[in-house]
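Visitor: Please take me in for a close look at a single part of this model. Keep it brisk, and tell me which cut-offs stand behind the words you use.

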Amino acid sequence: AAMAGALDAVVRDLRMVPIAQVLGRLPLVARELARELGKQVRVVIDDRGVEADRAVLEEIEAPLLHLVRNAIDHGVEAPAERAAAGKPPTGTLTISAEVVGGVLRLALADDGGGIDVDLVRRRAVEQGLIEEPSARVLSDEQVLAYLFSSGFTTRKVVTRVSGRGVGLDVVRATVEALGGTVHTHSARGAGTTFALTLPPSGPGPAVP
């Protein structure tokens, strides 16, 4: 049993790769999309040398790409709008990774306009996801969780950017299938953070 455990540990170590391999692809996507939308964005990556299971990284690459697109499309404002709000014209998107207590934590934080929680609350009611009396008593974080409901949108018109690829519901489904969670924190005018927690080696019992 000890030998089998040691072998499992070796195999697991072989599967572990630097998360920088995935995160390193995100700035180019961010810059290209920002240019398409007439916005300016600077991407800061802080991966702290974190490693994760290759299979986990392959699964989360598409969700991370979507969160980057979402931050630039919905979060970061146009340069003139930022200047009017007293911000630098270039938005900042910070992508960080760390392992704490055996849990992989990923965060994508933008310094954009933040999410209009009241708008999300109204749209969740309009789209039949929740009854209006219940919606009134939910906390901001509980309301923001509806962003991850299938088909949810705050837009009347689906743009080419917001309408392509995976939605936030797929982000949540992918993260939960890996045994993780996703949370949203947002402040009006100050930006939004999507925080993902994942087991670095995928779902299932860890090897002792």
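Guide: What follows is a walk through one sheet and the helices around it.

First, the ground rules. This is a predicted model, in which local features need pLDDT of at least 70, side-chain atom pairs count only at pLDDT 80 or more, and totals for chains, interfaces and linings use all residues. Numbering starts from 1 along each chain as its sequence is written, and side-chain values use heavy atoms, with hydrogens and water left out.

Next, the setting. The chain has nine helices and seven strands; these are DSSP runs (helices H or I, at least four residues; strands E, at least two), numbered from the N terminus. Of its 208 residues, 39% count as buried, meaning under 20% relative accessible area with a 1.4 Å probe, protein chains only.

Now the sheet. Five strands make up an open sheet, in the order S2-S4-S5-S7-S6, with mixed pairing. Two strands pair if DSSP finds at least two bridges between them. S2 (41-46) and S6 (181-187) are the edge strands; each has a single partner strand, so one side of each lacks a neighbour in the sheet. On average, neighbouring strands here are turned by 15° against each other, direction ignored. Angles run from 0 to 180 degrees between N-to-C directions, and axes are lines fitted to C-alpha atoms, for helices over the stretch in contact.

Look at S7 (residues 191-198). S7 runs antiparallel to S6, and seven bridges join them. Thr184 has Phe194 in S7 as its bridge partner. Thr181 is partnered with Thr197 of S7. The hairpin of S6 and S7 has three residues between the strands, and Gly189 there takes a positive phi near 85°. S7 also pairs with S5, again antiparallel and over seven bridges. Arg105 has Thr197 in S7 as its bridge partner.

Then the helices. H3 lies across S2 and S4 (91-100), at about 165° to S2. H4 packs on the sheet too: it touches S2, S4, S5 (103-110) and S7, and its direction makes about 20° with that of S5. Contact means heavy atoms within 4.5 Å.

H3 (residues 26-36) and H4 (residues 54-75) also meet each other. Their axes come within 10 Å and cross at roughly 35°. The crossing is right-handed: the near helix is turned clockwise from the far one by less than a right angle, whereas anticlockwise would be left-handed. Leu26, Val29, Ala30, Leu33 and Ala34 of H3 meet Leu64, Leu65, Val68, Arg69 and Ile72 of H4. That contact has nine nonpolar residues, no polar ones and one charged. Ala, Val, Leu, Ile, Met, Phe, Trp, Tyr, Cys and Pro count as nonpolar, Asp, Glu, Lys and Arg as charged, and the others, Gly among them, as polar.

H4 has another helix partner, H9 (residues 168-177), with axes within 9 Å and a crossing of roughly 145°. This crossing is left-handed. Glu59, Pro63, His66, Leu67 and Asn70 of H4 make the contact with Leu168, Val171 and Thr174 of H9. By class, these residues are four nonpolar, three polar and one charged.

Conventions:
Buried < 20%, exposed > 50% of the residue type's maximum accessible area, 1.4 Å probe, protein only.
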